[in-house]
Amino acid sequence: WKCPDETVHGSKADIISTVEFNHTGELLATGDKGGRVVIFQREQESKNQLHRRGEYNVYSTFQSHEPEFDYLKSLEIEEKINKIRWLPQQNAAYFLLSTNDKTVKLWKVSERDKRPEGYNLKDEDGRLRDPATITTLRVPVLRPMDLMVEATPRRVFANAHTYHINSISVNSDYETYMSADDLRINLWNFEITNQSFNIVDIKPANMEELTEVITAAEFHPLHCNTFVYSSSKGTIRLCDMRASALCDRHTKFFEEPEDPSNRSFFSEIISSISDVKFSHSGRYIMTRDYLTVKVWDLNMENRPIETYQVHDYLRSKLCSLYENDCIFDKFECVWNGSDSVIMTGSYNNFFRMFDRNTKRDVTLEASRENSKPRAILKPRKVCVGGKRRKDEISVDSLDFSKKILHTAWHPSENIIAVAATNNLYIFQDKVN
Amino acid sequence: MLGKGVKRKREEEEEEDLTSQDWWLEETTPSPNPEEGASPAPLPPSSLFNLSIFKLHHGLRRGEPDLRHLVLVVNTLRRIQSSMALESSPPEPPCPAPVDPLPVAPDAPLCTSVSALLDDLSHIEGLCDTQTSFSEDIPLSRPPETGLDPGRPAPLGSLELLLEDGLEGLFDDIDTSMYDCELWPNLKTDSGETEDKIQGQGLDVSELDYLMDVLVGTQTL
């Protein structure tokens, strides 16, 4: 893996909170804590600039969400972008959904390379003309201009979530999408902003009975009636919207029995699922909990078919990680285009890749000090105990403030985007 | 009149987090000496209990509580509390490494921390009414020197009561079902006619936008 061009996103003020490639991989969107969205576009390949082939450059930047104040509850609503999801491209413009804790917005990103000139009612500066002075009429003509990329909010889906939105997912019918918060999941039609259908509600009648929340949700990539949602107790429920309007009763329930030898006070916290993703094929789901990534076959509910240890050396550190709240960190996980490799982040700016076929895994680091542009990434290793070899890093030296929570994989090529706090790294696998 | 919320800079937030975590950092600074071994000394259940109470308290003080965080902390608290209540059975270790046997609960600090939590909770807006009933019912709200025998399980029993009520109180604060928007009563019912009506309105707006775009030339027909 190489870093063809290190891309630094923003100043040190804003932390990247989500990363997502679009369906072709041509565009890469990031959202940050300040409510901004930055879209990168891949350079077109040209014979003149072979060395710049495939690099991503900034295409558009816009403020998606602003901080708001909820007067009823006297609370500030954060502008942080929790998730971005692209819609498939259907015309010249690009569409994406972005969401903060409370409001989902549909953005249209389009290019403008022509400008109308010769208005009747306003002059070239844009100032309105006095209608009494207009004695002739002319037809405005379109003249070429420098390419401008503009983002406009096309829909605002608000006031449907009492709790914090953690997921959005576009349905394969391309007409609807869902938004999930801690206790409810709503189904929206893209054209309708003042109405949504509640399809999952796990809020108990008595809030004192609350013991579980929804942590992530996603539509099946091919079957528009199927979706899954994960919980803080480490379970996954698969629901079929054809069964009933309110999908409170699941069609399938995925849960692995607890290993008695690993039981501790923190068992539930580390089993809490922070991300769930369907494979591109739709046959498998992948879940991320605090220490592992698991792959489940949709046809087998009682245990995962594969379990990968992300950083098992942290198992003996759970007390400290509970104290400093790191145990609550929500890591995401991603599939590669062919579903043969999975990737997830860890601490110390490490991220891990697992090859499902060869069962090999690798730990890589996203940092400026260790990777110069076009240099090959060196595999890293964490030393658990005993004698530390050269180039290994001991567990106690790990920097827990440098966490890689968000990563993305190009839909068809071996290009990955890794968000390390407020820096974005893009790596490519160039097979020579 | 409430003013518009001010966006805090990241630096300010960082400082605040560090301040609140300071006293934990003092206790648990990991030793840089690699020969000390991989795992630090695990905390006894009573310390974990205190820590969890602190997290709960800190979580509630935040602008809007993180429900997932709260639920996980509360569930962990329940586990620790039930483990502490089982004084006769072997204590459940907080970490796989062996721990000391469950010590006689240091009631004074426990009572103090819980009373402090009660006092602080009563200052949180909206919990005042619920909180006065707590202080009447729960013996622990009385000063510790009014006869709490260190050996008795009574403090834990009272804590159980406290926690149950406290949990209800905690989640009631988050429960905003009374504020749930009733602007769209059709949410759960299949109402074809209203859907058509709303659909009609939606079409008009988007079609108008489209037409305007065409007129100014940003869209081609």
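## Close-up views of a two-chain model

Chain B holds 7 helices and 0 strands. Keep in mind as you browse these views that the whole model is predicted.

**View 1. Chain B is built from helices.** Starting at the N terminus, the elements of chain B follow the order α-α-α-α-α-α-α. Of the 221 residues in chain B, 31% are buried. The surface that chain B exposes comes to about 13400 Å², and carbon and sulfur atoms supply 56% of that area. If you are curious about how the chain folds back on itself, look at its contacts with a separation of 6 or more: 65% of them join residues 24 or more positions apart.

**View 2. Chain A is built mostly from strands.** Here you will find 31 strands and 2 helices. Among the 432 residues of chain A, 56% count as buried. The accessible surface of this chain is about 19100 Å², with 48% belonging to carbon and sulfur atoms. Taken along the principal axes, the C-alpha atoms of chain A fill a box of roughly 90 × 60 × 40 Å. The radius of gyration of chain A is 24 Å, which agrees with the value near 22 Å for a compact globule of 432 residues. Among contacts in chain A with a separation of 6 or more, 53% come from residues 24 or more positions apart.

**View 3. Four strands of chain A make an open sheet.** The 4 strands lie in the order β19-β20-β21-β22, and their pairing is antiparallel. Which strands stand at the edges? They are β19 (275-278) and β22 (306-309) of chain A; each has a single partner strand, so one side of each is left without a neighbour in the sheet. On average, neighbouring strands of this sheet are turned by 15 degrees against each other, direction ignored. As a reminder for reading this view, strands of a sheet pair through backbone hydrogen bonds, either parallel or antiparallel.

**View 4. A hairpin joins β20 and β21 of chain A.** Between β20(A) and β21(A) there are 3 residues, and the two strands form a hairpin. Strand β20 covers residues 284-288 of chain A and strand β21 covers residues 292-297. Their antiparallel pairing extends over 5 bridges. To follow the register by eye, start at A:T287, whose bridge partner in β21(A) is A:K294. Then move to A:R288, which has A:V293 as its bridge partner.

**View 5. Strand β21 of chain A is mostly covered.** On its way through the sheet, β21(A) also runs antiparallel to β22(A), and 4 bridges join these two strands. One place to look is A:V295, which stands opposite A:E306 in β22(A). Are the residues of β21(A) buried or exposed? In this strand, 6 of 6 residues are buried. In a regular strand, side chains alternate between the two faces of the sheet. In β21(A), A:T292, A:K294 and A:W296 point one way, while A:V293, A:V295 and A:D297 point the other way. The residues on both sides are buried, including the charged-letter positions A:K294 and A:D297.

**View 6. The largest nonpolar core draws on both chains.** This core has 38 residues, and those with the most contacts inside it are A:Y290, A:Y322 and A:I327. At least two core residues come from each of these helices: α1 (267-271) and α2 (318-323) of chain A, and α2 (45-61) and α3 (67-85) of chain B. Helix α3(B) gives the largest share, with 7 residues. In soluble globular proteins, nonpolar side chains tend to be buried together.

**View 7. A:Y290 and its surroundings.** Which residues touch A:Y290, leaving aside its neighbours within four places in sequence? The contacts include A:I270, A:S272, A:H311, A:L314, A:L318 and A:L321. Also in contact with A:Y290 are A:C326, A:I327, A:D329, A:F331 and A:Y347. Apart from the core of View 6 lies another core, of 16 residues, with A:V341, A:M353, A:W409 and A:A420 among them.

**View 8. A:D429 follows the strand β31 of chain A.** The residue sits in the segment after β31 (423-428). At 31% relative accessibility, A:D429 counts as partly exposed. Not counting residues up to four places away in sequence, A:D429 touches A:W1 and A:N414. For a sense of distance, compare A:H161: this residue and A:D429 are 268 residues apart in sequence, and 41 Å separate their C-alpha atoms in space.

Technical notes. Residues numbered from 1 in each chain as written. Chains lettered and ligands numbered in written order. Predicted model: local features only at pLDDT ≥ 70, side-chain atom pairs only at ≥ 80, totals over all residues. Heavy atoms only, no water. Pairing = 2+ DSSP bridges. Axes fitted to C-alpha atoms, helices over the stretch in contact; angles between N-to-C directions. Buried < 20%, exposed > 50% of the residue type's maximum accessible area, 1.4 Å probe, protein only. Rg over C-alpha atoms; globule rule 2.2 N^0.38 Å. Contact = heavy atoms within 4.5 Å. Areas by Shrake-Rupley, 256 points an atom, 1.4 Å probe, with all protein chains shown as cover. Core = buried A, V, L, I, M, F, W, Y, C linked by side-chain atoms within 4.5 Å.
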